[in-house]
Amino acid sequence: DTSNMRIAIRRDDVPNIVVPMANKQAEAIVVGCKGRLDLPQDLTLQIPAKMVSEYFGTPGPKAPGSPTSRDMMEWTTLMFWYLFIDLAADPQLDSKTLDAASKCRSYLDAAIAERKANPTETDDVLNRCLEMQKAQIPGMDDLGIRNYLIGFLIGAIPTISKASTQIMDVLLDRPDALAKAQAAARTDDHEMLDAVIFEAFRFNPINPVIYRRATRDARIADGTLRARTIPKGSLVFAANFSAMFDRLKIQSPNEFRTNRPWEDYILWGYGMHTCSGAWINRAIIPTLLAPLLKQKNLRRAPGDAGQIDTAGTPFPVHMHLEFDPA
């Protein structure tokens with residue numbers, strides 16, 4: 001599965017397709033908002049939704065019968081919440097998510113069938129998958145393609161938005177770090193901008209802990225002093241947030257530093273469990289935030305409006321920012 005997706009979603013797509021697309025849209029949004037925007041609704045949800053439409057080949061309202069961008073945002077947010085964050089196993093969330101998943105599956109099935117019936121020359125992920133299907137590559141039947149696409153949709157829209165919003169929240173609480181990020185954005189110092197943004201992300205990652213249920217007895221780190229036996233049925237927490245502040249592994253973990261090696265970060269999983277779209281996230285988040293960071297007197301809107309509002313979900317829904325328009 002991973003090999004198939006590495007063929008369909010290529011590393012050089014990021015600088016050649018994804019980053020230019022995100023940059024163009026982010027600049028237009030920031031210019032058009034005239035000095036005030038609701039960060040998640042106006043910027044950080046819009047750009048991954050456009051990526052899903054144009055790059056993955058699963059368009060929004062331009063295609064007859066397709067879901068709107070708002071539908072896609074809602075479906076993918078519910079599914080991510082259900083899969084990764086619903087520790088309480090909320091039955092109401094189960095019902096809403098299963099309905100959203102059914103609608104998303106039906107849409108993707110129809111999109112795949114429509115594309116096969118009416119081929120296009122567009123170089124998007126869906127067309128690449130269908131070319132691999134013609135070559136009879138295992139795992140690339142219609143169901144396999146749908147499963148790949150739904151996974152990437154879930155991993156794109158809510159996660160990129162949440163990460164970007166939480167990064168801005170950390171920077172706005174740290175004036176020195178914000179000033180450094182803004183200086184880097186204004187001088188197109190991409191290396192420094194990345195360093196500031198992902199250090200901020202370390203202080204508030206989207207998944208501070210990942211939980212799993214042990215389906216069998218298991219031995220962890222056998223042969224070491226930290227070896228543990230995990231009984232079947234145990235709930236296991238992998239605390240990547242605290243791992244990034246481990247004094248035994250991380251130098252001066254409580255300091256905000258921009259010279260940390262990338263290996264210090266566990267932002268999108270680790271090893272064989274690293275998110276398949278991690279390299280897309282790593283490129284698109286600084287790209288969509290850079291036009292905003294270039295603005296003068298960037299600040300929170302007064303009062304509660306300038307704080308993250310999750311609206312009863314695990315995701316930032318609103319966060320109003322202001323700046324002095326040019």
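I began at the surface of this predicted model, where Tyr-82, Leu-83 and Leu-98 form a nonpolar patch with about 280 Å² of accessible area together. A patch takes residues with over 30% relative accessible area and no salt bridge, like charges being joined within 9 Å and nonpolar side chains (Val, Leu, Ile, Met, Phe, Trp, Tyr) within 5 Å; a salt bridge is a side-chain nitrogen of Lys or Arg within 4 Å of a carboxyl oxygen of Asp or Glu, and accessible areas come from the Shrake-Rupley method with a 1.4 Å probe, with only the protein chains shown counting as cover for residues.

I noted that residues are numbered from 1 along each chain as its sequence is written. Local features need pLDDT of at least 70 and side-chain atom pairs pLDDT 80 or more, while totals for chains, interfaces and linings use all residues, and side-chain values use heavy atoms, without hydrogens and water.

I looked up Leu-98 and found it in helix H6 (residues 91–117), helices being DSSP runs of H or I with at least four residues, numbered from the N terminus.

I then turned to the loop between helix H5 (69–85) and H6, which holds Ala-89, and saw that the phi of Ala-89 is near 50 degrees, a positive value in a residue other than glycine. Most residues other than glycine have a negative phi. Asp-188, in the loop between helix H9 (175–186) and H10, also has a positive phi, of about 55 degrees.

I last checked Ala-195, which lies in helix H10 (residues 190–202) and is 64 residues from Asn-259 in sequence but 7.1 Å away in space, C-alpha to C-alpha.

Conventions: Helices (H or I, at least four residues) and strands (E, at least two) are DSSP runs, numbered from the N terminus.
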